Structure formats: structure tokens, C-alpha cells
Amino acid sequence: MVVTRPTGNHCRNCYARTHGNQGIKTLKSVLVPINPEGWKFVAIFAAITVVLFLITEPLGWIGVILTLWCAYFFRDPDRITPVDENLVISPADGRVCMISKAPLPKELELDDKTPRTRVSIFMNVFNVHVNRCPVNGEIIGEAYVPGKFVNAELDKASENNERQILLVRDKEGREFGVVQIAGLVARRILCDVGRGSQLKAGERFGLIRFGSRVDVYLPEGVEPKVIVGQTTIAGETILADIAAKGAEAAVGEIR
């Protein structure tokens, strides 16, 4: 069989389409979608930037940088979530700042006071702040608690700071606590779901502005597969495997 190579304009058009498609893919990888909540802030920053340019050009360029940072802060990329009913997926981008034992938040008014493993993930101002559900399940309980804005990395933040608490039950009857905690800089918790909402693991349910923490309370006897200091990716990083109930917690070392 003889294969002929395109020539002339046809060849140039093929070349243009190939490289054009590659350029579009590259552009999409850089221009990450922005969460709808962020557009009004980007607009405010942009308006301030125009005013700063009218005052003096150097200030205007500072405004440009801050506007770009605002768009970066509210970025909302898609994630590839493992499909497995037994996996608990990270609800937040950030760093595991604490793994401790604690009962579900008292604000849920539950009779169960059994200490559970609590994984705390700290989000700094450079992390994606969109939060995602850690498991497939239904929201069966919720509570909003006004509070202070101390450093979210501190243990007392789970008791003192403003927070939004959700209780999620999966189809096997297992219950998970998910708590959005405002931080030192954060001044607003946004939660788009409530009692009765059905969510899938990795599905978006809210965000926190600007620097904060999310706690996940695992079922009794389930140990985490992450380690303090480890970086997590919302919707992708596996926090725990319920099927491995009774297994020892993960250990790690800096290399």
C-alpha cells in the first residue's frame, strides 16, 4: 500500500490545525475556571486597578498583580475522583496540619460521644479554596457556629472559630463529620448544601475565603492513609480506606 503525504495548502492547513489545537490545550491548562463566587471580587479588584492607574501608573500595576492574584485564589479546576464507595477523599487542597482523636462536634447534638480520628487540612491563601464532599452520601445533620478568627492551624480553632458543620451518611449507614473552619484571614464560609442534599465524593459543596481549615471525622476504627505535613488535593487524595478498617495509621518520613 502506498501512503501519500499531503502537500501544498492542505499540508499547511493540517499543520496549522494541529498546532492550533495544541495552543488551545495549553491555554486551557493555564486559564483555570474561576468559581462563580469569585467573579464579583475580580471585578472589584479590576475597578480599583483602573482608579489606581488614574492616580499613578506604579500603583496601577500593583492593582493588576492583586487582580490576577484574586482570580488565582478563586480558581476552580476539575478533579479526577477515584470511584470507590470505601474511599474517603480529601475535601480540601492544603496540608494535613493535625491528626487527632475527637468526638463529632457537640453542635450536632448526637448521643454518640465516641472519639474518632479527625483529619485537619489547612488551606493557605495560595491553595484552591473550593471544598468537596469526601464520600457519597446524604447530609443528615448541619450546624452553623459563629465564632472567632484565630489561626486555623491551632487545635482550639475547632472549638473557638466560626465554622459550618455537616454530618454525611453513606448508603452503608456510616457517618462522617465535615467541618469548614474560618481562619485568621478568612471572613466568610460559604456552604451550598444542607440537610437532605445528596452528594457524590469529590462533588463541590462550598468554599471559604481567604485561608482556613477543613476537618474530616472518620468512622470509628478507621485510620487515615495520610500523614501530618502531607499535601492533599481536594477530590483526589485518598484520606482513608474504610475497607481496611482496623489497619494501622499510615506513617511517613521526609526524603
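On a 1 Å grid over the protein atoms alone, a cavity is a set of points where a 1.4 Å probe fits but cannot get out, and its lining residues have an atom within 4 Å of a point. This is a predicted model, so local features need pLDDT of at least 70 and side-chain atom pairs count only at pLDDT 80 or more, while totals for chains, interfaces and linings use all residues. Residues are numbered from 1 along each chain as its sequence is written, and side-chain values use heavy atoms, with hydrogens and water left out.

What lines the largest cavity? Val-222, Glu-223, Lys-225, Asp-241, Ala-244, Lys-245, Ala-247 and Glu-248 do the job.

Next come the nonpolar cores, meaning sets of buried Ala, Val, Leu, Ile, Met, Phe, Trp, Tyr and Cys residues joined through side-chain atoms within 4.5 Å. Buried stands for under 20% relative accessible area, exposed for over 50%, and partly exposed for anything in between (1.4 Å probe, protein chains only). The largest core has 27 residues, and Val-88, Val-119, Phe-205, Leu-218 and Leu-239 touch the most other members. Apart from it sits another core of 12 residues, including Ala-102 and Leu-167.

As for aromatic rings, those of Phe, Tyr and Trp (its six-membered ring) pair if their centres lie within 6.5 Å; planes under 30 degrees apart are stacked, over 60 edge-to-face, and the rest tilted. There are 2 such pairs. Phe-41 and Phe-74 are stacked, at 5.4 Å centre to centre with 20° between the planes. Phe-41 counts as buried because its relative accessibility is 17%, and Phe-74 is buried too, at 2%. Phe-53 and Trp-61 have planes at 80°, so this pair is edge-to-face.

Definitions and conventions: On a 1 Å grid over the protein atoms alone, a cavity is a set of points where a 1.4 Å probe fits but cannot get out, and a pocket is an open set with protein on both sides within 12 Å along at least five of seven lines; lining residues have an atom within 4 Å of a point.
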